[in-house]
Amino acid sequence: MYEGKLVRLRAFESGDLDANHAFVNDYETLRGMMSGIPFPSSMGDEQQWLNQQSSYTRGEYQFAIEDFEGDLVGRCGIIRVDWKNRLGELAIMIGTPYRGKGYGTEAMAILSDFCFREMNLHRLKVSVFAFNEAALRCYEANGFVREGVLRQELWRDGAWRDVVILAKLAPDAG
Ligand SMILES: CC(C)(COP(=O)(O)OP(=O)(O)OC[C@H]1O[C@@H](n2cnc3c(N)ncnc32)[C@H](O)[C@@H]1OP(=O)(O)O)[C@@H](O)C(=O)NCCC(=O)NCCS
């Protein structure tokens with residue numbers, strides 16, 4: 001429905017269960033994106049998550065990311081919306097086998113465009129673990145600007161880690 005040169009964003013389908021389960025049971029993935037405890041996720045947990053992805057329930061807006069071979073390669077979405085302030089908090093994950101092909105950067109471009117053009121959001125915000133070079137580059141390539149550092153916000157791998165806040169304003173922002 002929303003597509004670029006490498007990937008399209010679509011709704012999640014029941015057939016996405018196995019791929020999703022594999023993606024979120026990869027420690028490197030959890031290490032880079034989960035601020036909570038990186039527990040493994042069961043098939044039942046993933047089924048429950050998948051069941052919640054409906055265009056009839058609103059609060060979180062998650063897209064499946066698919067390549068042009070038809071493979072599910074990851075997910076991205078708006079994890080929190082503050083409608084009064086027209087603020088959206090975004091997140092993205094590309095499964096390990098599909099990384100480094102430009103998918104994340106393009107999916108984020110499509111998602112940002114959707115947020116401004118279709119949701120009329122004004123400000124998009126992301127929190128990135130400071131060690132997550134790929135995520136920082138993916139957001140900065142899409143015009144997100146570093147606004148600050150939350151020092152020692154995260155306990156990961158037995159050490160305190162900084163978290164970087166980046167944001168992007170709507171094209172018509174003053
Ligand atoms: C962050 C993430 C979405 C990037 O997706 P991707 O499809 O692999 O990224 P791209 O191929 O578009 O590359 C983005 C940039 O990161 C760079 N990059 C890719 N892998 C990298 C790595 N391991 N270390 C450093 N830079 C890396 C690429 O060179 C590219 O930079 P460039 O445009 O300056 O060359 C993906 O790595 C991911 O899902 N990671 C796990 C979950 C996560 O961290 N999510 C983000 C939470 S904020």
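Accessible areas here come from the Shrake-Rupley method with a 1.4 Å probe. On that basis the accessible surface of the protein is about 9800 Å². Carbon and sulfur atoms account for 50% of that surface. The model is a predicted one.

**Overall build**

The protein contains 5 helices and 8 strands. Along the sequence they follow the order β-β-α-α-α-β-β-β-α-β-α-β-β. The C-alpha trace spans about 45 × 40 × 30 Å along its principal axes. The radius of gyration is 16 Å, and a compact globule of 174 residues would have one near 16 Å, so the two agree. Of the 174 residues, 42% are buried. Contacts also reach far along the chain. Taking contacts between residues at least 6 apart in sequence, 62% join residues at least 24 apart.

**Helices H1 and H3**

Helix H1 covers residues 17–24, and helix H3 covers residues 43–52. They pack at an angle of about 115 degrees. Their axes lie 9 Å apart. The crossing of H1 past H3 is right-handed. From H1, the residues in contact are Leu 17, Asp 18, Asn 20, His 21 and Val 24. From H3 they are Met 43, Glu 46, Gln 47, Trp 49 and Leu 50. By class, this contact has 5 nonpolar, 3 polar and 2 charged residues.

**Arg 99 in a loop**

Arg 99 sits in the loop that joins strand E5 (87–94) to helix H4 (103–117). Which residues does Arg 99 contact, leaving aside neighbours within four places in sequence? They are Asp 26, Thr 29 and Ile 94. Val 73 is 26 residues away from Arg 99 along the chain, and their C-alpha atoms are separated by 8.6 Å. Arg 99 has a relative accessibility of 36%, so it counts as partly exposed.

**Strand E7 and the loop after it**

Strand E7 runs over residues 145–156 and includes Leu 150. Leu 150 touches Arg 161, Asp 162, Val 163 and Ile 165, with residues up to four places away in sequence not counted. Strand E8 spans 159–169. The C-alpha atoms of Leu 150 and Val 128 are separated by 10.0 Å, with their positions 22 residues apart along the chain.

Gln 152 is also found in E7. Its backbone has a positive phi of about 50 degrees, although Gln 152 is not a glycine. Asp 157 lies in the loop between E7 and E8. Asp 157 has a positive phi too, about 55 degrees, and is not a glycine either.

**Accessibility of the four residues**

Is Gln 152 buried or exposed? With a relative accessible area of 51%, Gln 152 is exposed, because exposed means over 50%. Leu 150, at 33%, is partly exposed, because that class lies between under 20% and over 50%. Asp 157 counts as partly exposed at 39%.

| Residue | Place | Relative accessible area | Class |
|---|---|---|---|
| Arg 99 | loop between E5 and H4 | 36% | partly exposed |
| Leu 150 | strand E7 | 33% | partly exposed |
| Gln 152 | strand E7 | 51% | exposed |
| Asp 157 | loop between E7 and E8 | 39% | partly exposed |

Methods:
Residues are numbered from 1 along each chain as its sequence is written. This is a predicted model: local features need pLDDT of at least 70, side-chain atom pairs count only at pLDDT 80 or more; totals for chains, interfaces and linings use all residues. Side-chain values use heavy atoms; hydrogens and water are left out. Axes are lines fitted to C-alpha atoms, for helices over the stretch in contact, and angles run from 0 to 180 degrees between N-to-C directions. Helices (H or I, at least four residues) and strands (E, at least two) are DSSP runs, numbered from the N terminus. A crossing is left-handed if the near helix is turned anticlockwise from the far one by less than a right angle, and right-handed if clockwise. Contact means heavy atoms within 4.5 Å. Ala, Val, Leu, Ile, Met, Phe, Trp, Tyr, Cys and Pro count as nonpolar, Asp, Glu, Lys and Arg as charged, and the others, Gly among them, as polar. The radius of gyration is taken over C-alpha atoms; the globule rule is 2.2 Å times the number of residues to the power 0.38. Buried means under 20% relative accessible area, exposed over 50%, partly exposed in between (1.4 Å probe, protein chains only).
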